[in-house]
Amino acid sequence: MKGAGPAIECDAVARRFGDRVALHRLDLAVERGEILGLLGPNGSGKTTTLRILATLLQPHEGAARVLQWDVVRDAMEVRRRIGVMPERPSLYERQTVEANVSFWAEAHGLADPAGAVREALRFVGLEDRRREPVGSLSKGLKQRVALARAIVHRPPVLLLDEPSSGLDPSAAAAMEGLIRDLARDGATVLLNTHRLAEAERLCDRVAILREGRLLRLGTPRQVRAALLGHIVEVELAGIVDAPARRAVESFPAVRETWWAPSAIRVRLIDAERDTPELVARLVSAGARIIAVRPAGDLERAYLELMSQPLPGSLAA
Ligand SMILES: Nc1ncnc2c1ncn2[C@@H]1O[C@H](COP(=O)(O)OP(=O)(O)O)[C@@H](O)[C@H]1O
Ligand SMILES: [Mg+2]
């Protein structure tokens, strides 16, 4: 390892494809041992960021470093230290699980490739299936082969592009557990995901990208609070009827409303000041309240952010 400092750094990294700007001067640092989730809509630059860090794509401006090694100048040093799960892991479907992982162990020139393969397959729980062709496995197990391949040389930094994309809930939970175990063993993880609930459980911090710009960076709690600070959710015993609706709509402190069959979510001017009166108004309208809570999970915060105009895109 080279000195101290963050495990991953992007300094004003920019990348274009033709006229299209995929990344606008991205600044990002991932601390050692941290799990950082890159979130954002399709086309927001998540894969481009990961590919630049994986030395597969060069930045047009700025610099990126992994464990202080520059991804362009010191690409070989970087490759030795990263484990990559690409967006579409190309596995050899006709070859066995073991052969797929062995190929990479050999490519890395490991001292004991067989031992490393065994260890990686044990970690992802595929030891028993090592002689089966990858093509016969479920999508969830194929993703585990891709993870085994990424970690066979025990890299300190992992770059995972949507590791649980397309997996059923059990397979996704298994993948989430494996990533958590890797971080617990000291790995630094940068992962792209659309699974916001997973990001909220798994990630120390999340970075939200949109159109190649970093819009928010912080712990899931910070991102939630910054975006949803004054949104309150009221759950009712019955359905939201017309009197309840009127009670909410006539309250001047209500800025915005979202309706569900038996829940109301409102944005207040000041949640602490206005929530008691909101509740009082609902009760007077005959509503039977089960729960009142600050709204929102990371998913709600994300949707809120996406509904806001982009900074810099000034309305005419
Ligand atoms: N190889 C490429 N050639 C042309 N355009 C690309 C290429 N890779 C990415 N892009 C464009 O760059 C932008 C960011 O893409 P990407 O990083 O793949 O986004 P994400 O992973 O967030 O969905 C998109 O507009 C995409 O179309
Ligand atoms: Mg992508």
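A residue counts as buried when its relative accessible area is under 20%, as exposed when that area is over 50%, and as partly exposed in between. Keep these cut-offs in mind as you go through the views of this predicted model.

**View 1. The whole chain gives us our bearings.** The chain has 316 residues, and 47% of them count as buried. Its secondary structure comes to eleven helices and 14 strands. Along the principal axes, the C-alpha atoms fill a box of roughly 75 × 45 × 35 Å.

**View 2. A148 sits in helix α5.** Is A148 buried or exposed? With a relative accessible area of 0%, A148 is buried, because that value is under the 20% cut-off. For a sense of distance, pick out A14 as well: A148 and A14 are separated by 134 residues in sequence, and their C-alpha atoms are 31 Å apart in space.

**View 3. Helix α5 runs from residue 139 to residue 151.** How many of its 13 residues are buried? Ten of them are, so α5 is largely enclosed by the rest of the structure. Among these buried residues are G140, L141, Q143 and V145. The list also includes A146, L147, A148, R149, A150 and I151. You can check the length of this helix too: at 1.5 Å a residue, its 13 residues should span 18 Å. The C-alpha atoms at the two ends of α5 are 19 Å apart, which agrees with that expectation.

**View 4. A magnesium ion, ligand 2, is held by two protein donors, T47 and E87.** The donor atoms are OG1 of T47 and OE of E87, and they lie 2.0 to 2.3 Å from the ion. Where in the chain do these two residues come from? T47 belongs to helix α1 (residues 46-53), while E87 is in the loop between β6 (82-85) and α3 (97-107), so the pair ties together parts that are 40 residues apart in sequence. Their surroundings can be compared with the cut-offs given at the start. T47 has a relative accessible area of 19% and is buried, because 19% is under 20%. E87, at 37% relative accessibility, counts as partly exposed.

**View 5. The side chain of T47 has polar partners within the protein.** One of them is E87, whose side chain makes a polar contact of 3.2 Å with the side chain of T47. Another is D161: a polar contact of 2.7 Å joins its side chain to that of T47.

**View 6. Ligand 1 has a shell of residues around it.** Look for F17, R20, A22, P41, N42 and G43, which are among the residues of this shell. The list also includes S44, G45, K46, T47 and T48. By type, the shell divides into three nonpolar, six polar and two charged residues. Which element gives the most to it? Helix α1 does, with three residues. Strand β2 (20-30) and α1 each supply at least two.

**View 7. Oxygen atoms of ligand 1 come up against polar atoms of G43, G45 and T47.** For G43, a polar backbone atom is 2.6 Å from an oxygen atom of the ligand. For G45, a polar backbone atom is again involved, at 3.0 Å from an oxygen atom of ligand 1. T47 takes part through its side chain, with a polar atom 2.8 Å from an oxygen atom of the ligand. Taken alone, ligand 1 exposes 550 Å², and the protein buries 66% of that.

**View 8. S44 lies in the loop between β3 (35-39) and α1.** At 1% relative accessibility, S44 counts as buried. A polar atom of the S44 side chain lies 2.7 Å from the backbone oxygen of P41.

**View 9. R154 and E211 each have a positive phi.** Most residues other than glycine have a negative phi. What is the phi of R154? It is near 50 degrees, and R154 is not a glycine. R154 is placed in the loop between α5 and β7 (157-161), and at 64% relative accessibility R154 counts as exposed. For E211, also a residue other than glycine, phi is near 45 degrees. E211 is found in the loop between β9 (205-210) and β10 (213-218). With a relative accessible area of 49%, E211 is partly exposed, because that value falls between the 20% and 50% cut-offs.

How values were computed. Residues numbered from 1 in each chain as written. Chains lettered and ligands numbered in written order. Predicted model: local features only at pLDDT ≥ 70, side-chain atom pairs only at ≥ 80, totals over all residues. Heavy atoms only, no water. Donors = N, O, S within 2.8 Å, 3.2 Å for Na, K, Ca; no water. Helix = DSSP H or I, 4+ residues; strand = E, 2+ residues; numbered from the N terminus. Buried < 20%, exposed > 50% of the residue type's maximum accessible area, 1.4 Å probe, protein only. Near = heavy atom within 4 Å. Polar contact = N/O pair within 3.5 Å; in protein donor to acceptor, adjacent residues only side chain to side chain. Areas by Shrake-Rupley, 256 points an atom, 1.4 Å probe, with all protein chains shown as cover. Nonpolar A, V, L, I, M, F, W, Y, C, P; charged D, E, K, R; others polar. Expected span 1.5 Å × (residues − 1).
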